[in-house]
Amino acid sequence: KVIGAAVLLMDRTEVWRLERVRQDFVANVSHELRTPIAAIRGWSETLATGEFGMTDFAKEQVLTINRHAERLTALVNDLLTLARAESVGLQGRLVEVRLRVLIDEVLTHFAEEIESKQMRVTVSVAAEVERIHTEPRALEYVLRNLIENAVKYSLDEGEVFITAEVRKKGRLRLSVRDTGQGIDKQHLPRLFERFYRVDKGRSRAVGGTGLGLAIVKHFAQALGGDVKVYSEVGEGSEFVVRLPRESWEVQPNVAAVPGGVGAA
Ligand code: ADP
(Lines give C-alpha, C1' and ligand atoms only; values in the text may rest on other atoms or scores of the structure.)
Protein backbone atom coordinates (compact mmCIF):
# COMPACT_ATOMS: atom_id res chain seq x y z
CA LYS A 1 0.00 0.00 0.00
CA VAL A 2 1.54 3.32 -1.08
CA ILE A 3 1.06 6.00 1.52
CA GLY A 4 3.06 8.81 -0.02
CA ALA A 5 6.08 9.89 -2.05
CA ALA A 6 9.04 12.16 -1.50
CA VAL A 7 10.39 14.30 -4.31
CA LEU A 8 13.76 15.97 -4.10
CA LEU A 9 14.50 18.79 -6.53
CA MET A 10 17.92 20.35 -6.75
CA ASP A 11 18.97 23.34 -8.78
CA ARG A 12 22.29 22.31 -10.35
CA THR A 13 22.62 25.35 -12.62
CA GLU A 14 25.41 26.97 -10.62
CA VAL A 15 27.39 23.72 -10.33
CA TRP A 16 27.19 23.21 -14.09
CA ARG A 17 28.12 26.82 -14.75
CA LEU A 18 31.24 26.55 -12.59
CA GLU A 19 32.17 23.25 -14.20
CA ARG A 20 31.86 24.95 -17.58
CA VAL A 21 34.07 27.86 -16.44
CA ARG A 22 36.72 25.37 -15.30
CA GLN A 23 36.63 23.47 -18.59
CA ASP A 24 36.81 26.68 -20.65
CA PHE A 25 39.70 27.91 -18.53
CA VAL A 26 41.73 24.72 -19.03
CA ALA A 27 40.98 24.74 -22.76
CA ASN A 28 41.97 28.42 -23.12
CA VAL A 29 45.18 28.09 -21.13
CA SER A 30 46.21 25.01 -23.10
CA HIS A 31 45.49 26.78 -26.35
CA GLU A 32 47.46 29.89 -25.36
CA LEU A 33 50.45 27.75 -24.33
CA ARG A 34 50.71 26.10 -27.72
CA THR A 35 52.41 28.96 -29.60
CA PRO A 36 55.21 29.74 -27.11
CA ILE A 37 55.92 26.04 -26.65
CA ALA A 38 56.14 25.57 -30.41
CA ALA A 39 58.67 28.43 -30.56
CA ILE A 40 60.80 26.90 -27.78
CA ARG A 41 60.69 23.51 -29.51
CA GLY A 42 61.58 24.96 -32.90
CA TRP A 43 64.45 27.13 -31.70
CA SER A 44 65.97 24.51 -29.41
CA GLU A 45 65.92 22.08 -32.33
CA THR A 46 67.63 24.62 -34.60
CA LEU A 47 70.26 25.49 -31.97
CA ALA A 48 71.01 21.82 -31.33
CA THR A 49 72.06 21.34 -34.95
CA GLY A 50 75.30 23.06 -33.91
CA GLU A 51 75.22 25.59 -36.75
CA PHE A 52 75.78 28.42 -34.32
CA GLY A 53 79.06 27.07 -33.04
CA MET A 54 78.07 25.82 -29.59
CA THR A 55 80.13 23.63 -27.32
CA ASP A 56 79.02 20.01 -26.83
CA PHE A 57 77.94 20.86 -23.31
CA ALA A 58 75.70 23.72 -24.52
CA LYS A 59 74.23 21.45 -27.22
CA GLU A 60 73.35 18.87 -24.60
CA GLN A 61 71.56 21.49 -22.51
CA VAL A 62 69.64 22.72 -25.53
CA LEU A 63 68.56 19.15 -26.29
CA THR A 64 67.26 18.87 -22.73
CA ILE A 65 65.20 22.04 -23.30
CA ASN A 66 63.87 20.44 -26.48
CA ARG A 67 62.90 17.22 -24.72
CA HIS A 68 61.01 19.11 -22.04
CA ALA A 69 59.27 21.26 -24.65
CA GLU A 70 58.13 18.05 -26.35
CA ARG A 71 56.71 16.77 -23.08
CA LEU A 72 54.89 20.06 -22.65
CA THR A 73 53.42 19.72 -26.14
CA ALA A 74 52.12 16.23 -25.32
CA LEU A 75 50.65 17.50 -22.07
CA VAL A 76 48.95 20.50 -23.67
CA ASN A 77 47.53 18.32 -26.46
CA ASP A 78 46.13 15.84 -23.92
CA LEU A 79 44.67 18.66 -21.80
CA LEU A 80 42.94 20.08 -24.87
CA THR A 81 41.58 16.67 -25.87
CA LEU A 82 40.28 16.09 -22.36
CA ALA A 83 38.72 19.57 -22.12
CA ARG A 84 36.99 19.03 -25.48
CA ALA A 85 35.82 15.55 -24.58
CA GLU A 86 34.36 16.88 -21.33
CA SER A 87 32.69 19.97 -22.69
CA VAL A 88 31.40 18.98 -26.11
CA GLY A 89 31.65 15.19 -26.07
CA LEU A 90 31.96 13.64 -29.50
CA GLN A 91 32.71 16.10 -32.24
CA GLY A 92 32.48 14.04 -35.38
CA ARG A 93 29.60 12.24 -37.06
CA LEU A 94 28.80 8.62 -36.37
CA VAL A 95 29.86 6.63 -39.40
CA GLU A 96 30.53 3.04 -40.40
CA VAL A 97 34.03 2.00 -39.38
CA ARG A 98 35.95 -1.16 -40.26
CA LEU A 99 37.24 -2.18 -36.88
CA ARG A 100 40.10 -4.37 -38.04
CA VAL A 101 41.39 -1.64 -40.38
CA LEU A 102 41.26 0.87 -37.52
CA ILE A 103 43.18 -1.44 -35.16
CA ASP A 104 45.84 -2.15 -37.80
CA GLU A 105 46.17 1.55 -38.49
CA VAL A 106 46.68 2.32 -34.80
CA LEU A 107 49.26 -0.50 -34.51
CA THR A 108 51.43 1.06 -37.23
CA HIS A 109 52.18 3.95 -34.81
CA PHE A 110 53.84 1.52 -32.40
CA ALA A 111 55.49 -0.79 -34.93
CA GLU A 112 58.98 0.38 -34.06
CA GLU A 113 58.63 -0.16 -30.31
CA ILE A 114 56.89 -3.51 -30.83
CA GLU A 115 59.72 -4.61 -33.07
CA SER A 116 62.52 -3.36 -30.84
CA LYS A 117 60.98 -5.04 -27.77
CA GLN A 118 60.33 -8.19 -29.84
CA MET A 119 56.72 -8.21 -28.72
CA ARG A 120 53.94 -10.30 -30.24
CA VAL A 121 50.57 -8.76 -31.01
CA THR A 122 47.49 -10.86 -31.74
CA VAL A 123 44.37 -9.21 -33.14
CA SER A 124 41.03 -10.94 -33.32
CA VAL A 125 37.83 -9.26 -34.52
CA ALA A 126 34.58 -11.25 -34.55
CA ALA A 127 32.67 -11.26 -37.85
CA GLU A 128 29.61 -9.48 -36.37
CA VAL A 129 31.71 -6.46 -35.45
CA GLU A 130 33.87 -6.20 -38.55
CA ARG A 131 31.87 -3.08 -39.35
CA ILE A 132 30.55 -0.94 -36.56
CA HIS A 133 28.74 2.34 -36.32
CA THR A 134 30.75 4.82 -34.24
CA GLU A 135 32.66 8.09 -34.03
CA PRO A 136 36.03 7.13 -35.53
CA ARG A 137 38.24 9.70 -33.82
CA ALA A 138 37.05 8.90 -30.32
CA LEU A 139 37.38 5.16 -30.89
CA GLU A 140 40.79 5.63 -32.46
CA TYR A 141 41.94 7.62 -29.44
CA VAL A 142 40.70 4.94 -27.05
CA LEU A 143 42.45 2.15 -28.96
CA ARG A 144 45.59 4.17 -29.43
CA ASN A 145 45.95 4.96 -25.78
CA LEU A 146 45.23 1.46 -24.54
CA ILE A 147 47.57 -0.11 -27.09
CA GLU A 148 50.27 2.47 -26.35
CA ASN A 149 50.09 1.66 -22.63
CA ALA A 150 50.10 -2.09 -23.28
CA VAL A 151 53.31 -1.70 -25.28
CA LYS A 152 54.87 0.93 -23.01
CA TYR A 153 54.33 -0.98 -19.77
CA SER A 154 55.45 -4.35 -21.15
CA LEU A 155 58.86 -5.90 -20.94
CA ASP A 156 60.80 -7.36 -23.84
CA GLU A 157 59.12 -10.31 -25.58
CA GLY A 158 55.77 -9.40 -24.00
CA GLU A 159 52.48 -10.20 -25.68
CA VAL A 160 49.48 -8.03 -26.47
CA PHE A 161 46.04 -9.40 -27.38
CA ILE A 162 43.47 -7.11 -28.97
CA THR A 163 40.05 -8.69 -29.15
CA ALA A 164 36.64 -7.48 -30.33
CA GLU A 165 33.68 -9.75 -29.75
CA VAL A 166 29.96 -9.64 -29.04
CA ARG A 167 28.79 -10.65 -25.58
CA LYS A 168 25.41 -10.88 -23.84
CA LYS A 169 22.61 -8.66 -25.14
CA GLY A 170 24.69 -7.67 -28.15
CA ARG A 171 27.28 -5.79 -26.12
CA LEU A 172 30.54 -5.15 -27.96
CA ARG A 173 33.51 -6.11 -25.82
CA LEU A 174 36.76 -4.52 -26.94
CA SER A 175 39.73 -5.75 -24.96
CA VAL A 176 43.42 -4.82 -24.93
CA ARG A 177 45.36 -7.28 -22.80
CA ASP A 178 49.07 -7.40 -22.11
CA THR A 179 51.45 -9.71 -20.28
CA GLY A 180 53.37 -6.74 -18.85
CA GLN A 181 54.19 -5.60 -15.34
CA GLY A 182 50.59 -5.38 -14.13
CA ILE A 183 49.09 -2.95 -11.63
CA ASP A 184 48.70 -3.41 -7.88
CA LYS A 185 45.04 -3.75 -6.75
CA GLN A 186 45.23 -0.65 -4.54
CA HIS A 187 45.68 1.58 -7.61
CA LEU A 188 42.84 0.20 -9.73
CA PRO A 189 39.97 2.33 -8.33
CA ARG A 190 41.84 5.58 -9.09
CA LEU A 191 43.49 4.61 -12.36
CA PHE A 192 41.11 6.59 -14.59
CA GLU A 193 41.55 9.83 -12.65
CA ARG A 194 43.40 12.72 -14.27
CA PHE A 195 47.14 12.64 -13.57
CA TYR A 196 46.91 9.45 -11.54
CA ARG A 197 49.99 7.33 -12.10
CA VAL A 198 51.14 4.17 -10.44
CA ASP A 199 54.79 5.10 -10.72
CA LYS A 200 55.33 8.76 -11.57
CA GLY A 201 59.03 8.39 -12.39
CA ARG A 202 58.53 5.47 -14.74
CA SER A 203 55.52 7.01 -16.45
CA ARG A 204 57.46 10.22 -17.15
CA ALA A 205 60.47 8.26 -18.33
CA VAL A 206 58.34 6.49 -20.95
CA GLY A 207 56.73 9.75 -22.05
CA GLY A 208 53.37 9.53 -20.28
CA THR A 209 51.25 12.55 -19.35
CA GLY A 210 48.99 10.77 -16.84
CA LEU A 211 45.92 11.92 -18.77
CA GLY A 212 45.53 9.07 -21.26
CA LEU A 213 43.18 6.86 -19.25
CA ALA A 214 41.07 9.84 -18.11
CA ILE A 215 40.49 10.65 -21.79
CA VAL A 216 39.80 6.99 -22.59
CA LYS A 217 37.11 6.93 -19.90
CA HIS A 218 35.46 10.11 -21.20
CA PHE A 219 35.44 8.89 -24.79
CA ALA A 220 34.17 5.43 -23.82
CA GLN A 221 31.28 7.11 -22.00
CA ALA A 222 30.67 9.55 -24.83
CA LEU A 223 30.47 6.54 -27.18
CA GLY A 224 27.70 5.18 -24.96
CA GLY A 225 29.73 2.63 -23.01
CA ASP A 226 32.26 2.27 -20.24
CA VAL A 227 35.78 1.02 -19.54
CA LYS A 228 37.07 -1.40 -16.92
CA VAL A 229 40.46 -2.70 -15.88
CA TYR A 230 41.58 -6.10 -14.61
CA SER A 231 45.16 -6.58 -13.52
CA GLU A 232 47.56 -8.71 -11.50
CA VAL A 233 51.07 -7.61 -10.63
CA GLY A 234 53.58 -9.59 -12.66
CA GLU A 235 50.85 -11.19 -14.79
CA GLY A 236 49.65 -8.29 -16.92
CA SER A 237 46.65 -6.03 -17.41
CA GLU A 238 43.44 -6.06 -19.40
CA PHE A 239 41.46 -2.95 -20.30
CA VAL A 240 37.94 -3.62 -21.54
CA VAL A 241 35.68 -1.14 -23.31
CA ARG A 242 32.04 -2.22 -23.47
CA LEU A 243 29.56 -0.67 -25.85
CA PRO A 244 25.85 -1.56 -25.80
CA ARG A 245 24.35 -2.81 -29.06
CA GLU A 246 22.52 0.41 -29.89
CA SER A 247 25.75 2.41 -29.76
CA TRP A 248 27.69 0.31 -32.29
CA GLU A 249 25.25 -1.59 -34.50
CA VAL A 250 25.34 -0.46 -38.13
CA GLN A 251 22.15 1.31 -39.16
CA PRO A 252 21.07 0.94 -42.79
CA ASN A 253 21.00 4.72 -43.41
CA VAL A 254 24.50 5.48 -42.08
CA ALA A 255 27.12 6.66 -44.56
CA ALA A 256 30.13 4.37 -44.98
CA VAL A 257 33.63 5.77 -44.82
CA PRO A 258 35.81 4.45 -47.63
CA GLY A 259 38.83 2.69 -46.14
CA GLY A 260 37.16 2.71 -42.79
CA VAL A 261 38.93 5.17 -40.55
CA GLY A 262 39.76 8.72 -39.80
CA ALA A 263 38.06 10.19 -42.86
CA ALA A 264 35.22 11.79 -40.90
P1 ADP B 1 50.43 7.71 -18.69
O2 ADP B 1 50.46 8.82 -19.66
O3 ADP B 1 51.23 7.96 -17.46
O4 ADP B 1 50.66 6.38 -19.32
P5 ADP B 1 47.65 6.88 -18.39
O6 ADP B 1 46.50 7.68 -17.91
O7 ADP B 1 47.61 6.36 -19.78
O8 ADP B 1 48.92 7.78 -18.13
O9 ADP B 1 47.86 5.68 -17.37
C10 ADP B 1 47.86 5.94 -15.96
C11 ADP B 1 48.81 4.99 -15.24
O12 ADP B 1 48.27 3.67 -15.28
C13 ADP B 1 50.18 4.88 -15.88
O14 ADP B 1 51.04 5.86 -15.39
C15 ADP B 1 50.63 3.49 -15.49
O16 ADP B 1 51.22 3.52 -14.20
C17 ADP B 1 49.32 2.72 -15.38
N18 ADP B 1 49.04 1.86 -16.57
C19 ADP B 1 48.23 2.17 -17.61
N20 ADP B 1 48.17 1.16 -18.50
C21 ADP B 1 48.97 0.18 -18.01
C22 ADP B 1 49.32 -1.15 -18.45
N23 ADP B 1 48.85 -1.66 -19.60
N24 ADP B 1 50.17 -1.87 -17.66
C25 ADP B 1 50.65 -1.36 -16.49
N26 ADP B 1 50.35 -0.12 -16.02
C27 ADP B 1 49.52 0.64 -16.76
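# Briefing: core, sheet and turn residues

With a relative accessibility of 40%, Val198 counts as partly exposed, because that class lies between buried (under 20% relative accessible area) and exposed (over 50%), as found with a 1.4 Å probe on protein chains only. The structure is a predicted model, in which local features need pLDDT of at least 70 and side-chain atom pairs count only at pLDDT 80 or more, while totals for chains, interfaces and linings use all residues. Residues are numbered from 1 along each chain as its sequence is written, and side-chain values use heavy atoms, with hydrogens and water left out.

**Overall architecture**

- The protein contains seven helices and seven strands, counted as DSSP runs numbered from the N terminus (helices: H or I, at least four residues; strands: E, at least two).
- Read from the N terminus, the order of these elements is α-α-β-α-α-β-β-α-β-β-α-α-β-β.
- Taken along the principal axes, the box filled by the C-alpha atoms is roughly 85 × 50 × 45 Å.
- The protein has 264 residues, and 39% of them count as buried.
- Among the contacts (heavy atoms within 4.5 Å) with a separation of 6 or more, 73% join residues 24 or more positions apart.

**The largest nonpolar core**

- The largest nonpolar core holds 51 residues, and the members that touch the most others are Leu99, Val129, Ile147 and Leu191. Such a core is a set of buried Ala, Val, Leu, Ile, Met, Phe, Trp, Tyr and Cys residues joined through side-chain atoms within 4.5 Å.
- Helix 5, covering residues 136-152, gives the most to the largest nonpolar core, namely nine residues.
- Leaving out residues up to four places away in sequence, Leu191 touches Ile183, Tyr196, Val198, Leu213, Val229 and Phe239.
- One of these partners, Leu213, is also among the buried residues of helix 7 (residues 212-222). The buried residues of helix 7 are Gly212, Leu213, Ala214, Ile215, Val216, Phe219 and Ala220.

**The surroundings of Val198**

- Val198 is located in the loop between strand 5 and helix 6 (200-205).
- When neighbours within four places in sequence are set aside, Val198 is in contact with Ile183, His187 and Leu191.
- Ile183 therefore appears in two lists: Leu191 touches Ile183, and Val198 is in contact with Ile183 as well, where contact means heavy atoms within 4.5 Å.
- A distance of 9.2 Å separates the C-alpha atoms of Val198 and Leu188, which lie 10 residues apart along the chain.

**Strand pairing around strand 4**

- Strand 2 (residues 120-125) and strand 4 (residues 159-166) run parallel and are joined by six bridges. Strands pair if DSSP finds at least two bridges between them.
- Val125 has Ala164 in strand 4 as its bridge partner.
- Strand 4 is also joined to strand 5 (residues 172-178), by seven bridges, and these two strands run antiparallel.
- Opposite Val160 stands Asp178 in strand 5.
- A hairpin is formed by strand 4 and strand 5, with five residues between them.

**Phe161 in strand 4**

- Phe161 has its place in strand 4. Its relative accessibility is 21%, so Phe161 counts as partly exposed.
- Apart from residues up to four places away in sequence, Phe161 touches Thr122, Ser175, Val176, Arg177 and Thr179.
- Phe161 and Leu9 are 152 residues apart along the chain, and their C-alpha atoms are separated by 47 Å.

**Residues with positive phi**

- Lys169 is found in the loop between strand 4 and strand 5. Although Lys169 is not a glycine, its phi is positive, at about 55°.
- Lys169 counts as exposed because its relative accessibility is 81%.
- Gln118 lies in the loop between helix 4 (111-116) and strand 2. Phi of Gln118 is near 50°, a positive value in a residue other than glycine.
- Gln118 counts as exposed because its relative accessibility is 56%.
- Gly224 follows just after helix 7 and takes a positive phi of about 100°.
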